[in-house]
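Subject: Structure for you to look at

Hello,

Please find the structure below. My notes on what was found in it follow.

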Amino acid sequence: MTTRREFLSGMAAAGLAAQPVFRERAIRSLFRANVIAGDRAPHALADDESYWAEIQRAFDSDRTMINLNNGGCSPTPSHVLEAMIRDLRFSNELPVEHMWRVLEPRIESVRRDLAREFGCDPEEMAITRNASEANEIMIFGLDLKRGDEVVITNQNYGRMITSWEQRARREGIVVKQISFKVPPPSDDYLVDRFREAITSRTKVIEVTHITNLTGQIMPVRRIVDIARPLGIQVFIDGAHAFAHFPFKRDDLGADYYGTSLHKWLLAPVGTGFLYVRKEKQKNLWPLMAAAATQDTDIRKYEEIGTHPAANHNAISAALAFHRGIGVERKAARLRYLRDRWAKRLLAESSRIAVLTPLDDRQAGAIALFNVEGIDSVKLGAWLLGQHRIVNTPIIHPEFRGIRITPNVYTTLDEIDLFADKVLDAVKKGIPA
Ligand SMILES: Cc1ncc(COP(=O)(O)O)c(C=O)c1O
């Protein structure tokens, strides 16, 4: 069994105990969780409520609602929020001094910590306010000529599609949207959909690492491998992937990667990052202008004017909490929660279809289901209005359903109550 001293020294080695904001309460909770975990493998811990109850205690959640829309954004653990509020108060005492001169330089340790987690050099890691900002830096940052082609899918995030369409209207580039079946028959099929859309004019592919609609994990590495020899840039929208399941930059072969940190890292709202490989930085313009001397400086993407330092500095506390759990344990728990409701619904009703492959290589916490004969929007409204279960109805031209996304603070009771209510709706119907 791990002693408190061993646990703390392990955390210190990981840079956790050194975090000034990694407060006693969070340490105690993670310590108790760690003792409970012992040396069990992540999947063996996935259904151990005594372990996950300690993790749940780190959040001040409103349990009067069941939040199964953690795909939008997630709450941050209480001690991370406290750290951010402390820094906001301190900033406000004397912003020009406390915010700019004391707190802002700490962004460099956030950069270093995130780079280590993602597996890149700190000089390749820019801190942004969300995935939209990171992705739009990529989308608007590359010089393209009239007639140049960009390949995306019609399941990319709406704002990213809108950004490409604006470039098409303004500059005459050609945006080719491919579609694919949900669930897709295989990775080969997905890779072929991209391959078939490539022509000699293709300059960019934008791919979502995990889609927000069904939670499908895309075969990003294979898409990079077909694009790179052809000189095609691959922009990866990882809004939902980072800190959700284990991977590193080199597993993807990524040159560009954007993510939110207020989703799966559980950092405060208004945090994200943009990774750009060193040799790609010169040719990717920032969204807000930077000096020519910054051409190959990753900080050129952070030239956004006056902004709070508190939000981005709190990323380090969220990262410490994430490492305290460990991404393998987290992914195993999230998949366990997904399977608990999805496999039960499939087993108990032939009218229910799950449009996300229940295969860990292809999905994480997010999954989409549909009930034959019941409109998803009405079912979603009934779950929310009658049972206070927050869910996300998804309406796409080619499919529809309800997206369910638990997180590490979700309890088994919450998952089971949600599944009970869906099965009630299937048996008894819902009011028209
Ligand atoms: C796939 C995808 N990309 C980008 C975004 C934008 O993220 P944000 O709102 O944090 O900028 C989202 C948000 O849900 C998303 O799901």
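The seven-stranded sheet

Seven strands make up an open sheet with mixed pairing, in the order 2-8-7-6-5-3-4. Strand 2 (125-128) and strand 4 (174-178) are at the edges with a single partner strand each, so one side of each has no neighbour in the sheet. From one strand to the next the twist averages 20 degrees.

Before going further, note that this is a predicted model, in which local features need pLDDT of at least 70, side-chain atom pairs count only at pLDDT 80 or more, and totals for chains, interfaces and linings use all residues. Residues are numbered from 1 along each chain as its sequence is written, and side-chain values use heavy atoms, with hydrogens and water left out.

As for terms, helices (H or I, at least four residues) and strands (E, at least two) are DSSP runs numbered from the N terminus. Two strands pair if DSSP finds at least two bridges between them. Contact means heavy atoms within 4.5 Å. Axes are lines fitted to C-alpha atoms, for helices over the stretch in contact, and angles run from 0 to 180 degrees between N-to-C directions.

Within this sheet, strand 6 (residues 233-237) pairs with strand 7 (residues 256-260) in the parallel sense, over three bridges. Phe235 is opposite Tyr256 in strand 7. Helix 8 (residues 131-141) packs on the sheet and touches strand 2, strand 5 (202-208), strand 6, strand 7 and strand 8 (272-276). The direction of helix 8 makes about 155 degrees with that of strand 7. Helix 11 (residues 220-227) lies across strand 5 and strand 6, and runs at about 175 degrees to strand 5.

The ligand

Around the ligand there are 13 residues (a heavy atom within 4 Å). Ser132, Asp237, Ser260, His262 and Lys263 come nearest. Helix 8 gives the largest share of the shell, three residues.

Which side chains place a polar atom 2.6 Å, 2.7 Å or 3.1 Å from an oxygen atom of the ligand? For Ser132 the distance is 2.6 Å, for Lys263 it is 2.7 Å, and for His240 it is 3.1 Å. The protein buries 90% of the 390 Å² that the ligand exposes when taken alone (Shrake-Rupley method, 1.4 Å probe).

The four-stranded sheet

Four strands form an open, antiparallel sheet in the order 9-10-13-12. Strand 9 (352-354) and strand 12 (392-396) are the edge strands, and each pairs on one side only. Here the twist averages 35 degrees from one strand to the next.

Strand 12 and strand 13 (residues 399-404) pair in the antiparallel sense over five bridges, and Pro393 stands opposite Ile402 in strand 13. Helix 16 (residues 376-387) packs on this sheet, touching strand 10, strand 12 and strand 13. The direction of helix 16 makes about 20 degrees with that of strand 13. Helix 15 (residues 327-348) lies across strand 9, strand 10 (367-371) and strand 13, at about 140 degrees to strand 9.

Backbone points

The peptide bond from Val182 to Pro183 is cis, with omega near -10 degrees. Pro183 is in the loop between strand 4 and helix 10 (187-197). Leu266 is not a glycine, but has a positive phi of about 65 degrees. Leu266 is in the loop between strand 7 and strand 8.

Confidence

The chain has a mean pLDDT of 94 (the predictor's confidence in each residue, from 0 to 100), and 94% of its residues reach 70 or more. Over residues 12-19 the pLDDT is below 50. Beyond near neighbours in sequence, that stretch has 14 contacts in the model.

Regards

Key: A polar contact is a pair of N or O atoms within 3.5 Å; within protein, one must be able to donate a hydrogen and the other to accept it, and residues adjacent in sequence count only if both atoms are side-chain atoms.
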